[in-house]
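This report goes through the open and enclosed spaces of one protein model, and then through the helix contact and the individual residues that accompany them.

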Amino acid sequence: MTPDQVSEIKASFSKVAPIAEQAAALFYGRLFEIAPEVRPLFKVTDMKEQGRKLMGTLAVVVKGLDDLPALMPAVGALARKHNGYGVTAAHYAPVGAALLWTLEQGLGEGFTPAVRDAWTSAYGTLSGAMIAAAGQSTTA
């Protein structure tokens, strides 16, 4: 990721953060629509609280993008935690798609090609690190 991409992510996230609750609801609604097989992973989950956790985690990640090596231990720990919930490598693609869709809905015209590319790059980097940290293969 380039410094310009990090700037794009930070600027765009600052516009989504004020509507965090709505963004989280959009994200999970879209995720369950495009990947209904993940819904059982949330069967005992308070979705409002899960939405707060999602947005809080995104805020930490966005803040940490300036120093990816320092962020990676937390990313690895998060991956191992998700692995324990039953998350597999195959789940990361629809999560990324739901994230991009949510950002597009929240940002409207502000979801430019540069913003899309920046978030796609960041998600690719971080999801790849999470899959590796969980000891999973993307070909599974």
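How many nonpolar, polar and charged residues does the lining of the second largest pocket have, by class? In this predicted model, that lining has seven nonpolar, one polar and three charged residues. The residues concerned are Ala20, Glu21, Ala24, Ala25, Tyr28, Phe32, Met47, Lys48, Gly51, Arg52 and Met55, and the space in the second largest pocket comes to about 190 Å³. Both α2 and α3 supply at least two residues of this lining, with α2 giving the most, namely six residues.

**Pockets and cavity**

The largest pocket has a volume of about 990 Å³. Its lining is made up of 34 residues, and those that lie nearest the centre of the pocket are Tyr28, Gln50, Leu54, Leu78 and His82. Two or more lining residues come from each of α2 (20-34), α3 (47-64), α4 (68-85), α5 (92-107) and α6 (113-133). Among the contributors to the largest pocket, α3 gives the most, with eight residues, and by class the lining comprises 24 nonpolar, six polar and four charged residues.

An enclosed space is found as well, since the count of cavities of 30 Å³ or more comes to one. The largest cavity has a volume of about 80 Å³, and it is lined by Phe13, Val16, Ala23, Phe27, Leu54, Met55, Leu58, Leu99, Thr102, Leu103 and Trp119. At least two residues of this lining come from each of α1, α2, α3 and α5. The cavity lining divides into 10 nonpolar residues, one polar residue and no charged residue.

The volumes and lining classes are set side by side here.

| Space | Volume | Nonpolar residues | Polar residues | Charged residues |
|---|---|---|---|---|
| Largest pocket | about 990 Å³ | 24 | six | four |
| Second largest pocket | about 190 Å³ | seven | one | three |
| Largest cavity | about 80 Å³ | 10 | one | no charged |

**The contact of α2 with α3**

Two packed helices are described by the angle between their axes and the distance between the axes. For α2 and α3, the axes come within 9 Å and cross at roughly 105°; an angle of 65 to 115 degrees counts as roughly perpendicular, and the two helices are therefore roughly perpendicular to each other. On the α2 side the contact is formed by Ala20, Glu21, Ala23, Ala24, Phe27, Tyr28 and Phe32, which meet Met47, Lys48, Gln50, Gly51, Leu54 and Met55 of α3. By class, this contact has nine nonpolar, two polar and two charged residues.

Several of these contact residues appear again in the linings described above. Tyr28 belongs to the contact, lies among the residues nearest the centre of the largest pocket and also lines the second largest pocket. Leu54, likewise part of the contact, is one of the residues nearest the centre of the largest pocket and is also found in the lining of the largest cavity.

**Individual residues**

Is phenylalanine 42, in the loop between α2 and α3, buried or exposed? Buried means under 20% relative accessible area, and phenylalanine 42, at 18% relative accessibility, therefore counts as buried. Leaving aside residues up to four places away in sequence, phenylalanine 42 touches Tyr28, Phe32, Met47 and Gln50, residues that also take part in the contact of α2 with α3. The C-alpha atom of phenylalanine 42 is separated by 31 Å from that of glycine 110, which is 68 residues apart from it along the chain.

Proline 94, which lies in helix α5, is buried with a relative accessible area of 15%. With residues up to four places away in sequence not counted, proline 94 touches Leu31, Ile34 and Ala35. Between the C-alpha atoms of proline 94 and methionine 72, 22 residues apart along the chain, the separation is 22 Å.

Glutamine 5 is a residue of helix α1 (residues 3-16), and a relative accessible area of 18% places glutamine 5 in the buried class. The residues that glutamine 5 touches, again not counting those up to four places away in sequence, are Asp117, Ala118 and Ser121.

Alanine 89 is found in the loop between α4 and α5 and is buried, with a relative accessible area of 12%. Alanine 89 and valine 38 are 51 residues apart along the chain, and their C-alpha atoms are separated by 12 Å.

Note on methods:
Residues numbered from 1 in each chain as written. Predicted model: local features only at pLDDT ≥ 70, side-chain atom pairs only at ≥ 80, totals over all residues. Heavy atoms only, no water. 1 Å grid on protein atoms, 1.4 Å probe; cavity = no way out; pocket = protein on both sides within 12 Å on 5 of 7 lines; lining within 4 Å. Points joined across faces, edges and corners; volume = space filled by probe spheres on them. Helix = DSSP H or I, 4+ residues; strand = E, 2+ residues; numbered from the N terminus. Nonpolar A, V, L, I, M, F, W, Y, C, P; charged D, E, K, R; others polar. Axes fitted to C-alpha atoms, helices over the stretch in contact; angles between N-to-C directions. Parallel < 35°, antiparallel > 145°, perpendicular 65-115°, else oblique. Contact = heavy atoms within 4.5 Å. Buried < 20%, exposed > 50% of the residue type's maximum accessible area, 1.4 Å probe, protein only.
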